[in-house]
Amino acid sequence: MTVCVLGMAVWSCGDDDDKDTVIGYDTLPAQARTFISTYYPGVSVRTVERKTDDGVVEFEVKFQNGHDVTFDSAGLWIDVDAPSGKTIPLGIVPAAVAVYVDTRYPGVGINEISRDARGYDVDLVDGTDLLFDPAGNFIGLDR
């Protein structure tokens with residue numbers, strides 16, 4: 001009986017602010033809309049979701065072509081992902097990272113890039129996963 005009561009108490013204390021809500025494109029922060037019009041001109045948006053997890057707000061935009069981009073609450077990109085075997089649009093990747101990839105992996109495109117305070121995680125089309133610091137300096141392979 002005690003286990004059941006304890007289980008119900010824990011279940012009822014779940015995070016009520018953790019939720020995903022489909023929103024309209026115009027609700028995105030202006031910076032996110034500018035990013036989309038710059039790097040995805042003419043590509044239709046399939047869905048826009050506002051995701052809240054422990055008070056942190058992110059926006060996930062999914063495109064008809066299979067690409068998706070996650071933005072922070074201010075509209076800065078956090079993650080840009082292309083479908084398997086495809087590349088993300090040119091110009092998104094910081095110059096130092098792009099030069100490193102072009103030099104060390106010629107002809108191999110970038111399938112996904114994520115960024116956080118530690119730097120960039122770059123997945124190449126061939127499956128190689130590279131790590132860079134915030135300045136774009138190569139750190140190593142992500143294993």
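## Pockets, strands and a nonpolar core

Fourteen residues, written 14 in the count, line the largest pocket, and Leu90, Val93, Ala98, Asp102 and Ile110 are the ones nearest its centre. Bear in mind that this is a predicted model. The volume of this largest pocket comes out at about 220 Å³. Helix α3, residues 95–104, gives the most to its lining, with 3 residues. Sorted by class, that lining holds 9 nonpolar, 4 polar and 1 charged residues.

Now for the second largest pocket, which has a volume of about 160 Å³. Its lining is made up of Ser114, Arg115, Asp116, Arg118, Gly119, Tyr120, Asp121, Leu131, Phe132 and Ile139. Two or more of these residues come from each of β6 (110–116), β7 (119–124) and β8 (129–132). By class, the lining of this second pocket splits into 4 nonpolar, 2 polar and 4 charged residues.

Let's step back to the whole chain. There are 3 helices and 9 strands, and along the sequence they follow the pattern α-β-α-β-β-β-β-α-β-β-β-β. The chain has 143 residues, and 33% of them count as buried. If you take the contacts between residues at least 6 apart in sequence, 37% of them join residues at least 24 apart.

Strand β5 (residues 77–81) is a good place to start on the strands. Why is β5 described as largely enclosed by the rest of the structure? Because 4 of its 5 residues are buried. On one hand, β5 pairs with β4 (residues 68–72) in an antiparallel arrangement through 4 bridges. On the other, β5 runs antiparallel to β6, joined by 3 bridges. Asp79 turns up in both pairings: Asp79 in β5 is the bridge partner of Thr70, and Ser114 in β6 is the bridge partner of Asp79. Ser114 also belongs to the lining of the second largest pocket.

The β4 and β5 pair forms a hairpin with 4 residues in between, and Gly75 in the turn has a positive phi of about 100 degrees. Further along, β8 pairs with β9 (residues 138–141), antiparallel again, over 3 bridges. Here Phe132 has Phe138 in β9 as its bridge partner. This second hairpin has 5 residues between its strands, with Gly136 taking a positive phi near 95 degrees.

The strand pairs line up like this:

| Strands | Sense | Bridges |
|---|---|---|
| β4 and β5 | antiparallel | 4 bridges |
| β5 and β6 | antiparallel | 3 bridges |
| β8 and β9 | antiparallel | 3 bridges |

Glycines aren't the end of the positive phi story. Asp54 has a positive phi of about 50 degrees although it is not a glycine. As background, most residues other than glycine have a negative phi. Where does Asp54 sit? Asp54 is in the loop between β2 (45–53) and β3. Is Asp54 buried or exposed? With a relative accessibility of 53%, Asp54 counts as exposed, because the cut-off for that class is over 50%.

Next, the largest nonpolar core. It has 29 residues, and Phe71, Trp77, Val80, Ile113 and Val122 touch the most other members. Elements giving two or more residues to this core are α2 (30–39), β3 (56–63), β4, β5, α3, β6, β7 and β8. The largest share comes from β3, with 4 residues.

Trp77 deserves its own look. Setting aside residues up to four places away in sequence, Trp77 touches Phe35, Val69, Thr70, Phe71, Ile92, Ile113, Ser114, Arg115 and Tyr120. Three names in that set, Ser114, Arg115 and Tyr120, also appear in the lining of the second largest pocket. Phe71 and Ile113, both touched by Trp77, are listed with Trp77 among the core residues that touch the most other members.

Finally, there's Val101, which lies in helix α3. Val101 is buried, because its relative accessible area of 2% is under the 20% cut-off. Which residues is Val101 in contact with, leaving aside neighbours within four places in sequence? They are Pro106, Val108, Ile110, Leu124, Leu130 and Phe132. Ile110 is also one of the residues nearest the centre of the largest pocket, while Phe132 helps line the second largest pocket. Leu124, for its part, is 23 residues from Val101 in sequence, and their C-alpha atoms are 8.7 Å apart in space.

Notes. Residues numbered from 1 in each chain as written. Predicted model: local features only at pLDDT ≥ 70, side-chain atom pairs only at ≥ 80, totals over all residues. Heavy atoms only, no water. 1 Å grid on protein atoms, 1.4 Å probe; cavity = no way out; pocket = protein on both sides within 12 Å on 5 of 7 lines; lining within 4 Å. Points joined across faces, edges and corners; volume = space filled by probe spheres on them. Nonpolar A, V, L, I, M, F, W, Y, C, P; charged D, E, K, R; others polar. Buried < 20%, exposed > 50% of the residue type's maximum accessible area, 1.4 Å probe, protein only. Pairing = 2+ DSSP bridges. Core = buried A, V, L, I, M, F, W, Y, C linked by side-chain atoms within 4.5 Å. Contact = heavy atoms within 4.5 Å.
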